[in-house]
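Biologist: Got a minute? I'd like to go through this model with you.

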Amino acid sequence: MHRVLAETYPEAGCELDFTSPFELLVATVLSAQTTDRRVNAVTPGLFATWPDPSAMASASRAELEQVLRPTGFFRAKTDSLLGLSAALVDRYDGQVPARLDELVTLPGVGRKTANVVLGNAFDVPGLTVDTHFARLVRRFEWVPPEIAKDPVKTEHAIAAIFPRRDWTMLSHRLIWHGRRRCHAKKPACGACPVARWCPAFGTGPTDPVEAAALVTTQGPA
């Protein structure tokens, strides 16, 4: 299934725009409960005003909240960005650490965010267990339903199945498939390249024409 997904999505990769580990860290924190496209619309102005941890740590809360408002939960996200920026300045000389155990000590940063940064900014393999990833591994029955409810248990279970070198790209491919075909409410089963192996085939329309109409070329807006 992974091989076919790799062939289906050869361009799969991180859909957040970034030019540095700090930018990716911030963008990933902002992506919670919103879409990558919305985050990508906000971050150019954000980084033009506060380009590094030192600048962002000293940002005006009111100004930062105003910029972050379109991403939703902007007050909590403002708390996270101010806190993680200050922590980077105070503890890591303004540099984003390249270790999971250090990243998860930063305000607003959990294992999912840490693995995104490790895999895409530092080329350190990591599994990004977001809602798409968890949904697909449950539908594929790669993990039992009770494990799929727990992101950390899911991460460890999938890590035991796949070679470490595949973790980052496996995450991208599952997330791309989840955004484009294997939707939460109405998956495009009849237009799915891995349908023949999927235990959940039939959850969505199996008619090829009807299913093809559900396929998107990118993630949700």
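**Charges, fold and cores**

Modeller: Sure. One caution: this is a predicted model. Let me start with charge. The protein chain has 25 positive and 23 negative charges, and their mean positions are 7 Å apart.

Biologist: OK. How many helices and strands does the protein chain have?

Modeller: There are 13 helices and 0 strands. Along the sequence the pattern is α-α-α-α-α-α-α-α-α-α-α-α-α. The radius of gyration is 18 Å, close to the 17 Å that the globule rule gives for 221 residues, so the chain is as compact as a globular protein of that length.

Biologist: And what does the C-alpha trace span along its principal axes?

Modeller: About 55 × 35 × 30 Å.

Biologist: What share of the residues is buried?

Modeller: Buried residues are 48% of the 221 in the protein chain. The accessible surface comes to about 10,600 Å². Carbon and sulfur atoms hold 53% of that surface.

Biologist: What about contacts between residues 24 or more positions apart?

Modeller: They account for 59% of the contacts with a separation of 6 or more.

Biologist: Now the inside. Which residues have the most contacts inside the largest nonpolar core?

Modeller: Leu46, Leu81, Leu84 and Leu106 do, in a core of 32 residues. Helices α2 (21-30), α3 (36-49), α5 (61-68), α6 (74-92) and α8 (111-121) each supply at least two residues of this core. Apart from it lies another core, of 26 residues. Val129, Val143, Trp167 and Leu174 are among its members.

Biologist: Back to Leu106. Which residues is Leu106 in contact with, leaving aside neighbours within four places in sequence?

Modeller: Leu25, Leu84, Ala87, Leu88 and Tyr92.

Biologist: And Thr105, where is its place?

Modeller: Thr105 is in the loop between α7 (100-103) and α8. Its relative accessible area is 38%, so Thr105 is partly exposed. Leaving aside neighbours within four places, Thr105 is in contact with Arg91 and Tyr92. Tyr92 is also on the contact list of Leu106.

Biologist: How far is Thr105 from Ala87, by C-alpha atoms?

Modeller: They are separated by 8.9 Å, and 18 residues apart along the chain.

Biologist: Switching to backbone angles. What is phi of Phe73?

Modeller: Near 50°, a positive value in a residue other than glycine. Phe73 is in the loop between α5 and α6.

Biologist: Is Phe73 buried or exposed?

Modeller: Exposed, with a relative accessible area of 57%. Glu141 is worth a look too. Its phi is near 60°, also positive in a residue other than glycine.

Biologist: Where is Glu141 found?

Modeller: In the loop between α9 (131-139) and α10 (145-148).

Biologist: Why does Glu141 count as exposed?

Modeller: Because its relative accessibility is 58%, and the cut-off for exposed is over 50%.

Biologist: Last stop, the end of the chain. Where is the place of Leu214?

Modeller: Leu214 is in the segment after α13 (208-212). It has a relative accessible area of 21%. Buried means under 20%, so Leu214 counts as partly exposed.

Biologist: What does Leu214 touch, not counting residues up to four places away in sequence?

Modeller: Arg180, His183, Lys186, Pro187, Ala188 and Pro205.

Biologist: And how far apart are Leu214 and Pro21?

Modeller: They are 34 Å apart in space, C-alpha to C-alpha, and 193 residues apart in sequence.

How values were computed
Residues numbered from 1 in each chain as written. Predicted model: local features only at pLDDT ≥ 70, side-chain atom pairs only at ≥ 80, totals over all residues. Heavy atoms only, no water. Helix = DSSP H or I, 4+ residues; strand = E, 2+ residues; numbered from the N terminus. Rg over C-alpha atoms; globule rule 2.2 N^0.38 Å. Buried < 20%, exposed > 50% of the residue type's maximum accessible area, 1.4 Å probe, protein only. Contact = heavy atoms within 4.5 Å. Areas by Shrake-Rupley, 256 points an atom, 1.4 Å probe, with all protein chains shown as cover. Lys, Arg positive; Asp, Glu negative; His and termini not counted. Charge placed at Lys NZ, Arg CZ, Asp CG, Glu CD. Core = buried A, V, L, I, M, F, W, Y, C linked by side-chain atoms within 4.5 Å.
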